[in-house]
Amino acid sequence: MRLQMTNSKTCPVCSTSVKGRSDKKYCSKKCKSIDQYENRQKTEGFYIKVDKQLKINRKILKGYNKSGYSVIRKNELLEEGFQPEVFHTLLEE
Ligand SMILES: [Zn+2]
C-alpha cells in the first residue's frame, strides 16, 4: 500500500474527494463494497471459467473411461470441447 502525503485523495469508484483518516481509500462503505465486489468478479471470473472447463474435461474423460477406451486420440477430445491448455494453466501455477 502506497502512502500519500496529501489529504486530497479521490475515491477510486466515484471520484469524490475522500475525507477522514489518511488510510481511508473510499468515500463511503458503499463504494468500498462496490470496488471489492468488482475486484472479486475479476479474479473469481477466471477461476470460475477454469473450473467450468475442468468439469467439461473430466466429463469427457470419464465418458471415454466408461466405454473402455485406454488410448484416446487427441483430436477426438478436442472435438468434444476438451481444452488441454486448462490443465497446463493449473500445473504451471
Ligand atoms: Zn465513492
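**Exercise 1. Find which element of the protein has the lowest mean pLDDT and which the highest.**

Start with the score: pLDDT is the predictor's confidence in each residue, from 0 to 100. Next, the elements: helices (H or I, at least four residues) and strands (E, at least two) are DSSP runs, numbered from the N terminus. Helix α3 (residues 84-92) comes out lowest, with a mean of 62, and strand β2 (residues 17-18) highest, with 90. Over the protein the average is 80, and 77% of the residues score at least 70. Where pLDDT is low, don't read the predicted coordinates in detail.

Some ground rules: this is a predicted model, where local features need pLDDT of at least 70 and side-chain atom pairs count only at pLDDT 80 or more, while totals for chains, interfaces and linings use all residues. Residues are numbered from 1 along each chain as its sequence is written.

**Exercise 2. Check the span of helix α1 (residues 29-66).**

The expected span is 1.5 Å times one less than the number of residues. For the 38 residues of α1 that gives 56 Å; the end C-alpha atoms sit 53 Å apart, which agrees. Along the way, α1 bends by about 30° at Glu 44 (the angle between axes fitted to the seven residues ending there and the seven starting there).

**Exercise 3. Is Ser 15 buried or exposed?**

First, the cut-offs: buried takes 20 or more other C-beta atoms within 10 Å of a residue's own, exposed 12 or fewer, partly exposed in between, with C-beta atoms placed from the backbone. Ser 15 has 10 such neighbours, so it counts as exposed. Ser 15 lies in the loop between β1 (9-10) and β2, and its phi is near 65°, a positive value in a non-glycine residue.
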